[in-house]
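Subject: Structure for you to look at

Dear colleague,

I am handing over the structure we spoke about, with the sequence alongside, and my notes follow below. Please keep in mind as you read that this is a predicted model.

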Amino acid sequence: MSIADFSLEGKKAIVIAGSRGIGRGIALALAEGGADVAVTGITDTYAEGVAQRIREMGRQGFALTVDATSGEDMDFLASQAIHDLGHLDIVVNAAGDSIRKPVSALPGVEGDGMSSAEWHDIININLTEAFEGCRVFGPHLLERRQGVVLNVSSFAARRAAANMSAYAAGKAALTRFTESVALEWAPYGVRVNTIAPGQFPDTEFMSEEDLAERDRRSAARIPLGRVGRLREVGLMAVYLASPAAAYVTGQTFYIDGGMVLS
């Protein structure tokens with residue numbers, strides 16, 4: 001028996017950076033839950049394929065290209081997405097990237113330290129992209145006095161690692177950003193939450209044997225003994241976007257097999 005409170009039937013969603021990886025997993029799960037979904041990518045190489053899969057589920061699916069850190073691009077995206085979908089109920093800010101470099105070159109260790117440009121690029125794609133998504137779609141949600149925003153963070157927001165300072169700083173800041181916007185928008189009926197995934201390899205490009213090997217190698221550092229499957233993070237998004245989570249806002253949900261506890 002299905003529970004109506006978890007249904008997204010009739011809802012309209014956009015998943016920024018929904019063309020690959022975790023964003024794609026979220027986009028497909030939202031469509032499976034009943035939503036019409038627009039997905040974006042920096043190019044249309046993968047976005048159109050995701051949109052086609054959404055249409056095959058019997059939903060409306062749209063592919064759009066955007067640089068999620070560009071204010072001008074995002075202004076255009078907002079008008080295009082609302083035109084295509086008619087209105088929006090769900091906005092997912094899923095862009096993210098990392099760089100493995102120390103802040104400064106380390107004595108006796110080969111390799112350069114991070115450049116200013118690299119720092120700003122990583123902060124922008126992990127933090128500024130969420131600001132831009134909220135900035136351009138916020139007026140629409142606030143005017144309708146309903147809607148859901150999901151920001152995609154990482155277990156790195158709570159668990160630091162050497163040579164990952166820019167990524168960890170951006171994702172940790174995203175938690176506080178989410179809390180602040182949640183407080184700003186709660187009086188208008190708009191909920192804002194964060195999903196913080198652990199290790200979710202892009203299984204679209206992995207064989208069953210490769211995935212099994214990845215699970216085996218991860219068992220020592222992930223309490224549940226395996227990496228995540230993209231649909232699992234998608235199901236978390238479905239819950240948070242649905243009426244079942246109507247009393248949930250300003251929270252960060254870690255879906256990481258227990259990594260932040262180990």
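Y239 is partly exposed, since its relative accessible area of 27% falls between the limits of 20% for buried and 50% for exposed. Its ring partner, F6, is likewise classed as partly exposed, in this case at 38% relative accessibility. The structure holds one aromatic pair, and in that pair the ring centres of F6 and Y239 lie 6.2 Å apart with an angle of 40° between the planes, so the arrangement is a tilted one. The two residues come from distant parts of the chain, with F6 in the segment before β1 and Y239 in helix α7 (residues 230–241), a separation of 233 residues.

Turning to the strands, I would begin with β4 (residues 90–93), which is covered on both faces: I90 and V92 are buried on one side, and V91 and N93 are buried on the other. Strand β1 (residues 12–16) runs parallel to β4 and is joined to it by four bridges, and within this pairing I14 stands opposite V91. β4 also pairs in the parallel sense with strand β5 (residues 147–152), again over four bridges, where N93 has N151 of β5 as its bridge partner. Between these two strands the chain passes through helix α4 (residues 116–144), and the resulting β-α-β crossover from β4 to β5 is right-handed.

How many of the residues of β5 are buried? Six of the six are, so the strand is largely enclosed by the rest of the structure. Of these residues, G147, V149 and N151 point one way from β5, while V148, L150 and V152 point the other way. β5 is joined in parallel to strand β6 (residues 190–197) by six bridges, and there the bridge partner of L150 is N193. The chain gets from β5 to β6 by way of α5, and this β-α-β crossover, too, is right-handed.

Among the helices, α3 (residues 71–85) contains L77, which counts as buried because its relative accessibility is 3%, under the 20% limit. Although L77 and F137 are 60 residues apart along the chain, their C-alpha atoms are separated by 9.4 Å.

Finally, there is the largest pocket, whose volume is about 1,100 Å³. It is lined by 45 residues, of which A94, G96, D97, S98 and Y167 are the closest to its centre. The elements that contribute two or more residues to this lining are α1 (21–32), β2 (36–41), α4 and α5 (165–185), so you will meet again the two helices named above in the crossovers. By class, the lining is made up of 22 nonpolar, 15 polar and eight charged residues.

With best wishes

Methods
Residues are numbered from 1 along each chain as its sequence is written. This is a predicted model: local features need pLDDT of at least 70, side-chain atom pairs count only at pLDDT 80 or more; totals for chains, interfaces and linings use all residues. Side-chain values use heavy atoms; hydrogens and water are left out. Buried means under 20% relative accessible area, exposed over 50%, partly exposed in between (1.4 Å probe, protein chains only). Two strands pair if DSSP finds at least two bridges between them. A crossover is right-handed if, with the strands pointing away from the viewer, the path from the first strand over the helix to the second runs clockwise. On a 1 Å grid over the protein atoms alone, a cavity is a set of points where a 1.4 Å probe fits but cannot get out, and a pocket is an open set with protein on both sides within 12 Å along at least five of seven lines; lining residues have an atom within 4 Å of a point. Grid points are joined across faces, edges and corners, and a volume is the space filled by probe spheres set on the points. Ala, Val, Leu, Ile, Met, Phe, Trp, Tyr, Cys and Pro count as nonpolar, Asp, Glu, Lys and Arg as charged, and the others, Gly among them, as polar. Rings of Phe, Tyr and Trp (its six-membered ring) pair if their centres lie within 6.5 Å; planes under 30 degrees apart count as stacked, over 60 as edge-to-face and the rest as tilted.
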